[in-house]
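Student: I would like a close look at a single part of this model, the salt bridges. Please take me through them in one connected answer.

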Amino acid sequence: MRDRSKFFGRDKGIAGYPVKRIYEEAAFIAYYFHWSHDEIMSMEHRERRKWCEEISKINRKLNSEPENVFDVFNKR
C-alpha cells in the first residue's frame, strides 16, 4: 500500500476534503451505478460530485418530486 500520509491529514482527504465525505460519495455512486472502488476513486473530486448530483436528479425524477422554485442554485 502506498504511503498517503503526505496527502491525508487525520480526518481530511486530499487538499483538506473530509475523508468521511469521500466515502459517502463513493458509496452513493457504487450503490446506484455499481462501479468499482478503483473507478470511483480514480475520478477527480468535481467529477465524483457531478455524478452524485446526476444520480440525485434521476432519483428525484423517479420519485416524482416537484421542482423547488426557491432553489436558486439548481441543486435540486
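**A close look at the salt bridges**

Tutor: Happy to! Of the contacts in the protein chain with a separation of 6 or more, 25% join residues 24 or more positions apart; a contact means heavy atoms within 4.5 Å. This is a predicted model, where local features need pLDDT of at least 70, side-chain atom pairs count only at pLDDT 80 or more, and totals for chains, interfaces and linings use all residues. Residues are numbered from 1 along each chain as its sequence is written, and side-chain values use heavy atoms, leaving out hydrogens and water.

The chain has three helices and zero strands (DSSP runs numbered from the N terminus: H or I of at least four residues for helices, E of at least two for strands). The structure holds six salt bridges, each a side-chain nitrogen of Lys or Arg within 4 Å of a carboxyl oxygen of Asp or Glu. One of them pairs Glu-25 with Arg-49 at 3.5 Å, N to O. This pair links distant parts of the chain, with Glu-25 in helix H1 (residues 19-33) and Arg-49 in helix H3 (residues 45-62), 24 residues apart. Glu-25 is buried at 2% relative accessibility, whereas Arg-49 is partly exposed at 24% (buried is under 20% relative accessible area, exposed over 50%, partly exposed in between, with a 1.4 Å probe and protein chains only). Both belong to a salt-bridge network with Arg-21 and Arg-48.

Within helix H3, Glu-54 meets Lys-50 at 3.0 Å and Lys-57 at 3.3 Å. Lys-50 lies four residues from Glu-54, about one turn, and Lys-57 three residues from Glu-54, also about one turn. Glu-54 is partly exposed at 24%, as are Lys-50 at 42% and Lys-57 at 34%.
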